[in-house]
Amino acid sequence: MANLDDFKTRLKIAKKKLINSSENKDNNRNSSSMGSAFKLSTDLVAHVAVGTIIGFILDSWFDTKPWLIIIFFFFGSIAGILNVIKTAKKMQEKE
Amino acid sequence: MATNPMHQFQVYRIGPEIKIAGIDLSFTNASLFMLISAVAICGLLFLGTKEKKIIPGKFQLISELFYNFIAKMINDTAGSKAKPYFPFIFSLFMFVLFCNMLGMLPYSFTVTSHIIVTLLMAIFIFVAVTVIGFLKHGFGYLKLFVPSGVPAVLLPLITVIEIISYLSRPVSLSVRLFANMMAGHTMLKVFGGFVISLGVLGGWLPLSFSVALTGLEILVAFLQAYVFAILTCIYLNDALNLHH
């Protein structure tokens with residue numbers, strides 16, 4: 001049974017490690033760097049698209065064509081660029 | 001017909017036509033491959049957890065590998081508060097991964113290359129995260145749209161931008177997976193078509209490209225499942241631990 005006791009202590013140590021690692025969030029950077037590259041590229045496009053769609057919907061509600069679609073296109077672009085800056089800052093902090 | 005690179009994405013009916021209240025509910029090739037991946041996941045995990053040995057066998061090793069991978073990912077990105085959502089994220093990751101990987105087999109159908117499938121999953125995640133956020137924080141969840149430390153003049157502008165950025169989550173989540181899968185599979189088929197049209201003399205170059213692209217596509221299939229799951233964790237983190 002010595003083998004099993006040994007396993008139990010190792011399990012305890014592993015559990016402690018798991019709790020500690022949740023406190024200080026350290027990501028494994030290897031596979032996530034390509035993932036965040038995918039994230040950034042689509043996020044930029046999606047923000048602009050969603051902004052434009054919101055502008056289009058609001059335009060047809062308030063009958064103000066084409067002003068809101070223009071304004072919200074720029075809002076979407078700003079949101080997309082800000083998001084990229086935010087993500088880049090987060091990535092720099094990690095390093 | 002078979003040389004058309006978009007032909008592989010066609011959804012067709014298998015078996016009898018089933019119509020309930022005007023909605024077509026027939027069994028299609030898409031449903032078949034969803035079923036296959038669900039059965040494959042259940043089979044793998046059943047085999048992996050059947051014999052619980054201290055020294056794991058092949059299937060147990062794979063299952064434990066997946067379990068550890070997701071558990072660590074949730075812990076790292078969303079903290080220990082997100083533990084109750086482990087089953088959801090685990091099944092989400094496994095389903096997307098198996099759909100992507102099964103799509104890499106010749107003559108198979110890639111479920112995730114259809115935007116309706118990925119958009120439905122993304123909208124479900126979006127609604128679920130929003131509901132969780134409101135349940136945990138009440139109307140305080142709306143603070144997510146009002147970041148602290150912003151001058152009052154800029155606040156309306158920032159709020160609009162934050163709302164756009166929140167609403168674009170399901171769009172970017174679904175479009176990323178769908179576009180990557182569809183583009184990759186179309187590219188493979190196009191290069192395959194080049195091999196046939198260039199023949200024995202010139203076909204070797206696109207053939208070597210095809211081999212390299214297949215490797216890349218397997219990487220992308222895994223990576224997209226990973227990104228899908230990790231972004232769900234990040235959104236969950238926003239809902240559980242309000243930082244703004």
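This is a short group-meeting talk on a two-chain model, covering the chains, their contact, the core and a few backbone oddities.

Okay, hi everyone. One thing up front: this is a predicted model, so please keep that in mind throughout.

Let's start with chain A. Chain A has 3 helices and 0 strands, and along the sequence the pattern reads α-α-α. Of its 95 residues, 19% are buried. If you take the contacts in chain A with a separation of 6 or more, 55% of them are between residues 24 or more positions apart.

Now, how does chain A meet chain B? The contact uses 27 residues from chain A and 20 residues from chain B. On the chain A side, the elements giving two or more residues are H1 (2-23), H2 (29-62) and H3 (67-94). Which of those gives the largest share? That's H2(A), with 14 residues. And in terms of chemistry, the chain A side splits into 12 nonpolar, 11 polar and 4 charged residues.

Next, the core. As general background, nonpolar side chains tend to be buried together in soluble globular proteins. Here the largest nonpolar core has 52 residues. Those with the most contacts inside the core are Ile89(B), Phe93(B), Ala225(B), Phe228(B), Ala229(B), Cys233(B) and Leu236(B). Both chains contribute: H2 and H3 of chain A each supply at least two residues, and so do H1, H2 (58-78), H3, H4 (115-137), H5 (155-202) and H6 (204-240) of chain B. The largest share, 13 residues, is from H6(B).

If you want one residue to click on, try Cys233(B), which is on that list of residues with the most core contacts. Setting aside neighbours within four places in sequence, Cys233(B) touches Met73(B), Ile74(B), Thr77(B), Ala78(B), Ala82(B) and Ile89(B). Ile89(B) is on the same list of residues with the most contacts in the core.

Staying in chain B, let's look at a helix pair. H1 (residues 29-50) and H3 (residues 86-103) of chain B have axes that come within 9 Å and cross at roughly 120°. Because of that angle, H1(B) counts as oblique to H3(B). The handedness of the H1(B) and H3(B) crossing is right-handed. H1(B) brings Phe33(B), Ile36(B), Ser37(B), Ala40(B) and Ile41(B) to the contact, while H3(B) brings Met94(B), Phe95(B), Phe98(B), Cys99(B) and Leu102(B). By class, the contact between H1(B) and H3(B) has 9 nonpolar residues, 1 polar and no charged ones.

Last topic: the backbone. The background is that most residues other than glycine have a negative phi, and most peptide bonds are trans. So where are the exceptions I want to show you?

Go to the loop between H2 and H3 of chain A, where you'll find Asp63(A) and Pro66(A). Asp63(A) has a positive phi of about 60°, although it is not a glycine. Is Asp63(A) buried or exposed? Asp63(A) is exposed, because there are 6 other C-beta atoms within 10 Å. Further along the loop, Lys65(A) and Pro66(A) are joined by a cis peptide bond, with omega about -5°.

Chain B has an example too. Tyr107(B) is not a glycine, yet has a positive phi of about 70°. Tyr107(B) sits in the loop between H3 and H4 of chain B. With 5 C-beta neighbours inside 10 Å, Tyr107(B) counts as exposed.

That's it from me, thanks.

Note on methods: Residues numbered from 1 in each chain as written. Chains lettered and ligands numbered in written order. Predicted model: local features only at pLDDT ≥ 70, side-chain atom pairs only at ≥ 80, totals over all residues. Axes fitted to C-alpha atoms, helices over the stretch in contact; angles between N-to-C directions. Helix = DSSP H or I, 4+ residues; strand = E, 2+ residues; numbered from the N terminus. Parallel < 35°, antiparallel > 145°, perpendicular 65-115°, else oblique. Left-handed = near helix turned anticlockwise from the far one by under 90°. Contact = placed C-beta atoms within 7 Å. Nonpolar A, V, L, I, M, F, W, Y, C, P; charged D, E, K, R; others polar. Core = buried A, V, L, I, M, F, W, Y, C linked by C-beta atoms within 7 Å. Buried ≥ 20, exposed ≤ 12 C-beta atoms within 10 Å, placed from the backbone.
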